[in-house]
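Trainee: Could you take me closely through the pockets of this model, and then through the aromatic pairs, with the numbers that support each statement?

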Amino acid sequence: MNCSKNTDFVLSGLSSDPDKPQLLFGLFLALYLLSLLGNSLLLLAIGADIHLHTLMYFFLSQLSLVDLCFTTTTAPKMLETLWTSNGLISFSECLAQLYFFTVFADMDNQLLTAMAIDCYAAICHPLHYALLMTPCRCALLLGGSWGVPHSISLVHALLLSQLSFDSNQEIPPFFCDFRPLLRLACSDTHLNEDLTMVLTGLLGISPLLCIISSYAHIFLAVAWSPSAHGKKKALATCSSHLSMVILFYSSVFATYLKSPSASHASGELGAAVMYALVTPTLNPFIYSLRNKDVKRSLKRIWA
């Protein structure tokens, strides 16, 4: 094989159904615009209403900002591929897309974890909430949510930049991702694979365990609460966040937890679209439709 460190790839995930490019283009454009609209409105609602200037809504605004960036990392290139029927992407473009895609995906994960911790403190320790969620600890949570993903993605990108690839190889999804790229590499990828395994545990499993632990304590606190009104209020507080967690991890598991030998033609494209486009689009609507404070703020904006 003619291996090189500066080659081109072909994003082939959308070529499995070449007879309907206009339909797919219209569908994905509508999803992307809906994502931009929903997340922008949620940011505007939180920023414009002083009653929403609390820690929970601050984390939610950060999540909306990250989701805006997350969809913008992949959707424009996907739409260009459908419009021009040309999925060619250079190695530098692929590396840049991979870097930001990983950053914003990890930030989504970290912010969902921070929001779970906030729910735990608010429901399980309401009298000590101000002592637990101090400005210093909140800044640490937010700084970690931004800093750690950037650091990890930078290491991944630097290691990938040292690999060699054959020219014009096809990448199954509609965006650049670690596993397809490592499969296409001509050079040794053991270091990349070992690092991916370690960081998956640190940035993937650890936050999930933290979320599960937080909700285990929340459900126990709700179960032991003698007040029916208190139970209803506690569940209403965390139900939207729990819905987003389930949606996020379901799409992650559907995208990545499958056999490497499985065909990407059936199911993989749908899972990738769900993960990269549908989930960030639904997040603001989950919170808007199930939260009276956000709906009230949006009504004031439209009035």
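Mentor: What follows takes the pockets, then the aromatic rings, after a short view of the whole chain.

The model is predicted, not determined by experiment, and its secondary structure comes to ten helices and five strands. The radius of gyration of the protein chain is 21 Å, close to the 19 Å that the globule rule gives for 303 residues, so the chain is as compact as a globular protein of that length. Along the principal axes, the C-alpha trace spans about 70 × 45 × 30 Å. Of the 303 residues, 47% count as buried, and among contacts with a separation of 6 or more, 80% are accounted for by residues 24 or more positions apart.

The part you asked about begins with the largest pocket, whose volume is about 970 Å³. Its lining is made of 28 residues, and those that lie nearest the centre are F178, T196, T200, V252 and Y256. At least two lining residues come from each of the helices α3 (91-124), α5 (135-160), α6 (178-184), α7 (190-224) and α8 (228-256). Helix α7 gives the most to this lining, with nine residues. By class, the lining of the largest pocket divides into 17 nonpolar, six polar and five charged residues.

The second largest pocket has a volume of about 510 Å³, and 15 residues line it, with K233, A236, T237, N291 and D293 nearest its centre. The elements that give two or more residues to this lining are α2, α8 and α10 (292-302). Here the largest share, six residues, comes from α8, a helix that also supplies at least two residues of the lining of the largest pocket. The classes in the lining of the second largest pocket are four nonpolar, six polar and five charged residues.

Turning to the aromatic rings, a pair is described by the distance of the centres and the angle of the planes. The structure holds 16 aromatic pairs. One of them joins F58 and F59, with 6.2 Å from centre to centre and 50° between the planes, and this pair is tilted. How do its two members stand with regard to solvent accessibility, buried or partly exposed? F58 counts as partly exposed because its relative accessibility is 36%, whereas F59, with a relative accessible area of 0%, is buried.

A second pair is formed by F70 and Y275, whose ring centres lie 5.8 Å apart with their planes at 70°, so this pair is edge-to-face; the angle cut-off behind that step is over 60 degrees. F70 lies in helix α2 (residues 55-84) and Y275 in helix α9 (residues 268-289), so the pair ties together parts that are 205 residues apart in sequence. Both members are buried, because F70 has a relative accessible area of 1% and Y275 has a relative accessibility of 5%, and buried means under 20%. F70 and Y275 also belong to one aromatic cluster, whose other members are F101, F174, F175, F248, Y249 and F253.

Definitions and conventions: Residues numbered from 1 in each chain as written. Predicted model: local features only at pLDDT ≥ 70, side-chain atom pairs only at ≥ 80, totals over all residues. Heavy atoms only, no water. Phe/Tyr/Trp six-rings, centres within 6.5 Å; stacked < 30°, edge-to-face > 60°. Buried < 20%, exposed > 50% of the residue type's maximum accessible area, 1.4 Å probe, protein only. Helix = DSSP H or I, 4+ residues; strand = E, 2+ residues; numbered from the N terminus. 1 Å grid on protein atoms, 1.4 Å probe; cavity = no way out; pocket = protein on both sides within 12 Å on 5 of 7 lines; lining within 4 Å. Points joined across faces, edges and corners; volume = space filled by probe spheres on them. Nonpolar A, V, L, I, M, F, W, Y, C, P; charged D, E, K, R; others polar. Rg over C-alpha atoms; globule rule 2.2 N^0.38 Å. Contact = heavy atoms within 4.5 Å.
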